[in-house]
Amino acid sequence: MRLDKFLTHTGTLTRKQASAAAKAGKLCVNGMIVKRSDTHIDPERDEITYNGDIISYQKYTYIMLNKPSGVVSATNDPDQKTVIDLLPETLQKIHLFPCGRLDKDTLGLVILTNDGASAHNQLSPKKHAEKEYMFHCLRPLTPHACEQLEQGVFLSDGYKTKPCKIKIEQPTKGIITLTEGKYHQIKRMFETIDNQILLLERISFAGIALDPSLPRGAWRPLSSEEEATFTKNSGITNESLKHEIGSKIEFEE
Ligand code: URA
């Protein structure tokens with residue numbers, strides 16, 4: 001693999017920055033300064049440093065983002081700000097995509113990755129991955145309405161939602177846990193009980209909690225524990241995934 005590719009792949013530098021860093025003597029391979037960013041390296045064996053810091057090889061990247069309102073969960077959009085636009089330039093170039101979608105006005109946890117197989121696995125309906133959302137609604141939730149939502153309700157298109165869990169914290173505030181993700185699901189569920197969602201924030205996804213110290217609009221890499229949770233039991237490789245459904249991977253929640 002070329003050194004500049006390695007550096008863009010790990011989200012360290014853009015190709016242009018890598019070339020400049022090499023010329024400035026800031027890049028070393030196994031302790032030796034390399035002046036050309038097209039130098040061939042073995043990412044599994046060679047030790048690469050930039051400004052003296054070791055850049056560890058990662059095949060895939062996993063990012064936790066605290067999505068603000070007004071940003072769409074897409075990789076590109078001609079008119080609107082996307083979750084990818086919230087990342088630095090280096091991370092915008094490594095083909096990350098959001099694992100599942102949140103509405104434009106929904107806040108909170110979005111995991112971005114370029115590991116299609118693990119994302120596919122987490123989003124698979126068979127996996128029943130839990131997604132927790134904090135909600136504020138317009139009218140107080142009665143125990144009867146809560147029970148209806150928990151047992152499953154018929155949405156306007158005739159789909160019956162799967163059983164879910166609701167924890168009421170205040171009359172118009174609580175936490176709802178779903179194991180599926182249909183389009184505008186929570187908003188549409190609340191419409192069936194003559195209520196309305198005023199605010200929605202995803203606070204966890206598949207056992208990974210939104211970091212409370214992460215400001216709105218900010219991101220950080222997943223920790224190694226979170227990464228292990230996300231990639232666990234994928235049971236499918238990225239190669240077989242490509243073979244199965246082509247290079248375009250659709251994740252429609
Ligand atoms: N349900 C919704 O209605 N919107 C979201 O963004 C997520 C779940």
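## Salt bridges, cores and enclosed helices in a predicted model

Lys-93 is partly exposed, its relative accessible area being 46%. The model in which this value was computed is a predicted one. The partner of Lys-93 in a salt bridge is Glu-89, with 3.4 Å between nitrogen and oxygen of the two side chains. Glu-89 likewise falls into the partly exposed class, at 47% relative accessibility. Since buried means under 20% and exposed over 50%, values of 46% and 47% place both residues in the class between, which is why the two are called partly exposed. In total, the model contains 12 salt bridges.

Two further salt bridges link segments that are separated in sequence. In one of them, Asp-105 pairs with Lys-187, and the closest N and O atoms are 2.7 Å apart. Asp-105 belongs to the loop between strand S6 (97–98) and strand S7 (107–113), whereas Lys-187 belongs to helix H6 (residues 185–192); the salt bridge therefore ties together parts that are 82 residues apart in sequence. The two partners do not share a burial class: Asp-105 is partly exposed at 44% relative accessibility, while Lys-187 is buried, with a relative accessible area of 17%.

The other such salt bridge is formed by the side chains of Lys-162 and Glu-180, with an N to O distance of 3.9 Å. Here Lys-162 sits in the loop between helix H5 (143–151) and strand S9 (165–170), and Glu-180 sits in the loop between strand S10 (173–178) and H6, so this pair ties together parts that are 18 residues apart in sequence. Lys-162 counts as partly exposed at 39% relative accessibility, but Glu-180 counts as buried at 9%. Shared partners also give rise to a network of salt bridges, in which Asp-103, Asp-105 and Lys-187 are joined.

A charged type of residue can also be found in a buried position elsewhere in the model. Asp-4 is located in helix H1 (residues 3–9) and is buried, at 1% relative accessibility. When neighbours within four places in sequence are left aside, the contacts of Asp-4 are Arg-15, Ala-18 and Ser-37.

The nonpolar residues were examined next. In soluble globular proteins, nonpolar side chains tend to be buried together. In this model, the largest nonpolar core comprises 32 residues, and the members that touch the most other members are Leu-112, Phe-135, Leu-141, Ile-176 and Phe-190. At least two residues of this core come from each of strand S5 (62–67), S7, S8, H5, S10, H6 and strand S11 (197–205). A second core, separate from this one, has 17 residues, among them Tyr-62, Ala-119, Ala-206 and Leu-214. The surroundings of Leu-141 can be listed in detail: apart from residues up to four places away in sequence, Leu-141 touches Phe-135, Cys-146, Leu-149, Ile-166, Ile-168, Pro-171, Phe-190, Ile-193 and Asn-195.

Nonpolar residues also occur at the surface. Leu-138, Leu-198 and Leu-199 together make up a nonpolar surface patch with about 250 Å² of accessible area. One of these residues, Leu-138, lies in the loop between strand S8 (131–137) and H5 and is partly exposed, with a relative accessible area of 40%.

Two helices were considered for their burial. Helix H4 (residues 116–123) is largely enclosed by the rest of the structure, because seven of its eight residues are buried. The buried residues of H4 are Gly-116, Ala-117, Ser-118, Ala-119, Asn-121, Gln-122 and Leu-123; one of them, Ala-119, is also a member of the second core. H6 is likewise largely enclosed by the rest of the structure, because six of its eight residues are buried. In H6 the buried residues are Gln-185, Ile-186, Lys-187, Arg-188, Met-189 and Phe-190, and the elements that cover them include S8, H5, S10 and S11. Just after H6, the phi angle of Asp-194 is positive, at about 55 degrees.

S10, one of the elements covering the buried residues of H6, is also paired with S9. These two strands run antiparallel and are joined by five bridges. Among the bridge partners, Lys-165 is matched with Thr-177 in S10. The connection from S9 to S10 is a hairpin through two residues.

Note on methods
Residues numbered from 1 in each chain as written. Predicted model: local features only at pLDDT ≥ 70, side-chain atom pairs only at ≥ 80, totals over all residues. Heavy atoms only, no water. Salt bridge = Lys/Arg side-chain N within 4 Å of Asp/Glu carboxyl O. Buried < 20%, exposed > 50% of the residue type's maximum accessible area, 1.4 Å probe, protein only. Helix = DSSP H or I, 4+ residues; strand = E, 2+ residues; numbered from the N terminus. Contact = heavy atoms within 4.5 Å. Patch = residues over 30% accessible without salt bridge, like charges linked within 9 Å, V, L, I, M, F, W, Y side chains within 5 Å. Areas by Shrake-Rupley, 256 points an atom, 1.4 Å probe, with all protein chains shown as cover. Core = buried A, V, L, I, M, F, W, Y, C linked by side-chain atoms within 4.5 Å. Pairing = 2+ DSSP bridges.
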